[in-house]
Amino acid sequence: MLYKSTRGLIEKVSFQEVLFSGLAPDGGLYIPEFLPGPETFNVNSFRSKEYDEIAQIVLKPFIGNFFDDDQLCEITKKAYSKFKSKNRCELVKLSNYHMMLELFHGPTYAFKDFAMQMIAQMFQEALNKIKKSINIIVATSGDTGAAAVNAFSNLKNINLFVLYPNNRISEIQRRQMTTANASNIKIFSVDGTFDDCQLIVKKIFSDTNFSKNNSLTGVNSINWARIISQVVYYCYAASKIDSQKKIDFCIPTGNFGNIYAGFIAKKIGINIDKLIIATNLNDILHRTLLTGQYFKDKVYKTHSPSMDIQVSSNFERLLHDIYDNPKIVIKQMEKLNSEGFYKIESSDLNKLREDFLSGVATEEDTLLEISSVYKKLNLAICPHTAVGTFVSRKFLNKNKVMITLATAHPSKFIDSVQSAIGKMIAQPIEMKQLYSKTERVIHAPNEVNFYKNYINREI
Ligand SMILES: *Cc1c(COP(=O)(O)O)cnc(C)c1O
């Protein structure tokens with residue numbers, strides 16, 4: 001399998017290149033030159049398989065022969081070894097045709113563990129093979145950073161630099177990062193929003209000399225290897241549903257990585273009808289789907305901080321899908337850069353609406369949803385998940401099955417959840433222990449040169 005860029009200005013590259021790069025050199029995102037379709041995947045055979053087996057089958061065509069079958073088996077085994085559930089994720093019933101897919105049974109209690117643990121093991125295996133060391137730089141709205149810290153702590157030949165927005169993540173998210181006691185990891189608390197952090201990382205990568213000289217590697221959700229690792233749970237969940245039923249998935253969305261993985265699952269033949277974008281007040285994608293105007297607003301601070309994002313990077317991949325013409329993608333991205341918005345014409349918008357629906361939950365909706373689910377089912381859900389279940393209910397259809405993704409564990413956002421339901425909830429022991437550990441963090445400016453200088457000095 002070879003990969004091209006959404007902006008079309010580069011030669012095709014191998015999976016190895018895609019695995020280790022943040023962005024394509026032309027500023028675009030990598031996508032496979034073609035997608036393996038239903039003829040490659042016997043989706044019905046997934047019904048009798050365990051999660052780890054499905055993972056190997058789904059990943060294989062994308063990886064090609066970069067890893068052989070034994071290596072892929074080993075990588076998968078190690079990647080999921082820290083998960084607390086043998087099924088890796090759990091499907092829970094909310095009502096007759098509404099299910100919830102719990103994706104928070106990994107070591108840092110959010111869905112980010114699925115992809116991050118997987119690429120950490122891919123990196124280890126690959127670096128042994130090519131005898132190299134790398135420096136990973138990642139921007140986080142909280143959960144990606146925590147997942148990366150857990151996955152890369154003390155791995156050989158890997159340094160990790162994490163940038164998070166100061167005061168804009170939950171205390172548990174912060175402590176999961178800052179209490180890691182690993183000499184290969186540095187955590188920066190940035191004076192800015194997640195979008196600022198992401199922009200710093202993009203600017204560092206766009207200095208191709210700097211990024212080559214320092215073997216910089218990106219693990220943000222634009223990394224293709226992360227996307228394909230997330231396709232797996234859509235396949236797994238669908239394999240548990242009656243094959244006669246169409247499935248809608250509702251996905252609490254920020255950077256459009258998780259939902260884009262669902263779109264890939266649909267394209268490779270999984271029985272998915274609609275993918276529903278659920279957003280908090282940072283509703284750029286909902287507005288885009290309604291009006292065709294992709295227009296950056298300010299970033300609102302909400303109870304669901306992992307979705308406090310205005311620039312949804314992975315959306316560029318979807319633009320490539322609807323236009324099938326890199327020149328238009330470039331034009332739109334240039335317009336976004338220079339004027340802060342672009343417009344999607346109505347015929348293209350209608351194409352988008354064939355696969356995607358959208359909805360918003362306000363702050364009040366989110367808290368009420370947490371409390372009403374708790375009252376009805378005696379079940380605490382995290383604020384991101386609540387955005388998802390709230391939006392899902394507008395689209396429930398008794399002829400289909402709705403699966404809402406539960407993207408994080410409620411205890412990770414314990415303050416918001418407890419204030420919503422008005423009582424204390426249990427917190428896993430590992431989370432409690434975080435409060436007594438020493439934090440190590442570098443408070444840093446919203447200024448790209450600071451990080452370049454730091455990296456130059458450190459490595
Ligand atoms: C990252 C994250 C999201 C948003 O996922 P995207 O792939 O960025 O759209 C939603 N909920 C939680 C808990 C997250 O950590």
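Modeller: Let's start with a term: a residue counts as near a molecule if one of its heavy atoms lies within 4 Å of that molecule. This is a predicted model, where local features need pLDDT of at least 70 and side-chain atom pairs count only at pLDDT 80 or more, while totals for chains, interfaces and linings use all residues. Residues are numbered from 1 along each chain as its sequence is written, and side-chain values use heavy atoms, with hydrogens and water left out.

Biologist: How many residues surround the ligand, and which are the closest?

Modeller: There are 15 around the ligand, and the closest are Lys112, Asp143, Gly254, Asn255 and Asn258.

Biologist: What makes up that shell by class?

Modeller: The shell has 5 nonpolar, 8 polar and 2 charged residues. For these classes, Ala, Val, Leu, Ile, Met, Phe, Trp, Tyr, Cys and Pro are nonpolar, Asp, Glu, Lys and Arg are charged, and the others, Gly among them, are polar.

Biologist: What makes a pair of atoms a polar contact?

Modeller: The pair must be N or O atoms within 3.5 Å; within protein, one must also be able to donate a hydrogen and the other to accept it, and residues adjacent in sequence count only if both atoms are side-chain atoms. A ligand oxygen is 2.8 Å from a polar backbone atom of Gly254, and a ligand oxygen is 3.2 Å from a polar backbone atom of Gly257. Thr407 uses a polar side-chain atom, 2.9 Å from a ligand nitrogen. Set against the 3.5 Å cut-off, each of those pairs is therefore a polar contact.

Modeller: On its own the ligand has 380 Å² of accessible area, and the protein covers 98% of that; such areas come from the Shrake-Rupley method with a 1.4 Å probe, and for residues only the protein chains shown count as cover.

Biologist: Where does the ligand sit?

Modeller: In the largest cavity. A cavity is a set of points, on a 1 Å grid over the protein atoms alone, where a 1.4 Å probe fits but cannot get out. "Sits in" says that more than half of the molecule's atoms lie within 2 Å of the grid points.

Biologist: Why does Lys412 count as buried?

Modeller: Buried means under 20% relative accessible area, exposed over 50%, and partly exposed in between (1.4 Å probe, protein chains only). Lys412 has 1%, so it is buried. Lys412 is in the loop between strand 14 (400-406) and helix 17 (414-421); helices (H or I, at least four residues) and strands (E, at least two) are DSSP runs, numbered from the N terminus.

Biologist: Why is Lys131 called exposed?

Modeller: Its relative accessible area is 70%, so Lys131 passes the cut-off for exposed. Lys131 lies in the loop between helix 4 (112-130) and strand 5 (134-139).

Biologist: What phi does Lys131 have?

Modeller: A positive one of about 50°, although Lys131 is not a glycine. Most residues other than glycine have a negative phi. Asn157 is not a glycine either, and has a positive phi of about 65°. Asn157 sits in the loop between helix 5 (143-152) and strand 6 (158-165).

Biologist: Why is Asn157 called partly exposed?

Modeller: Because its relative accessible area of 37% falls between the two cut-offs. Val92, with 22%, is partly exposed too, and belongs to strand 3 (residues 90-95).

Biologist: How far apart are Val92 and Thr404?

Modeller: They are 312 residues apart in sequence and 9.8 Å apart in space, C-alpha to C-alpha.

Methods
1 Å grid on protein atoms, 1.4 Å probe; cavity = no way out; pocket = protein on both sides within 12 Å on 5 of 7 lines; lining within 4 Å.
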